[in-house]
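Here is a short tour for someone meeting this chain for the first time. Have a look at the sequence and the fold, then read on.

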Amino acid sequence: KNSQEKTYSIQIEAVDASGNRIADDTIYVNNLGSGQSQELKAFQFVQSDVLESVKTASFKIKTVTQS
């Protein structure tokens with residue numbers, strides 16, 4: 001809806017069935033204009049001790065910041 005390009009920071013949280021946080025990640029969307037989209041990957045670098053838990057986790061967007 002905005003005619004100017006914006007940059008966004010999106011914090012995502014992986015949680016288990018009880019709602020406990022397993023891991024979190026932040027992705028950055030740079031120079032996104034009106035009507036555009038970008039495909040990004042989160043949780044590419046997960047600690048080995050929580051990797052299996054992240055595979056079956058639910059994901060929540062915690063914050064979105066526009067700059």
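A quick word on terms: a residue is called buried under 20% relative accessible area, exposed over 50% and partly exposed in between, using a 1.4 Å probe and protein chains only. This is a predicted model, where local features need pLDDT of at least 70 and side-chain atom pairs count only at pLDDT 80 or more, while totals for chains, interfaces and linings use all residues. Residues are numbered from 1 along each chain as its sequence is written, and side-chain values use heavy atoms, with hydrogens and water left out.

Let's start with the whole chain. It has 1 helix and 3 strands, and from the N terminus on they run β-β-α-β. The radius of gyration is 14 Å, well over the 11 Å that the globule rule gives for 67 residues, so the chain is more spread out than a compact globule. (That radius is taken over C-alpha atoms, and the rule is 2.2 Å times the number of residues to the power 0.38. Helices here are DSSP runs of H or I with at least four residues, and strands are runs of E with at least two, numbered from the N terminus.) Along the principal axes, the C-alpha atoms fill a box of roughly 45 × 20 × 15 Å.

How much of the chain is buried? Of its 67 residues, 24% count as buried. As for contacts, meaning heavy atoms within 4.5 Å, 52% of those between residues at least 6 apart in sequence join residues at least 24 apart.

Now for three residues worth finding in the view.

| Residue | Where | Relative accessibility |
|---|---|---|
| N31 | strand β2 | 46%, partly exposed |
| F43 | loop between β2 and α1 | 14%, buried |
| F45 | loop between β2 (21-32) and α1 (51-55) | 80%, exposed |

Most residues other than glycine have a negative phi. N31 has a positive one, near 55°, and F43 has a positive one too, near 60°. Why does F43 count as buried? Its relative accessible area is 14%, whereas F45 counts as exposed because its relative accessibility is 80%. F45 also has a C-alpha atom 9.1 Å from that of D25, although the two residues are 20 apart along the chain.
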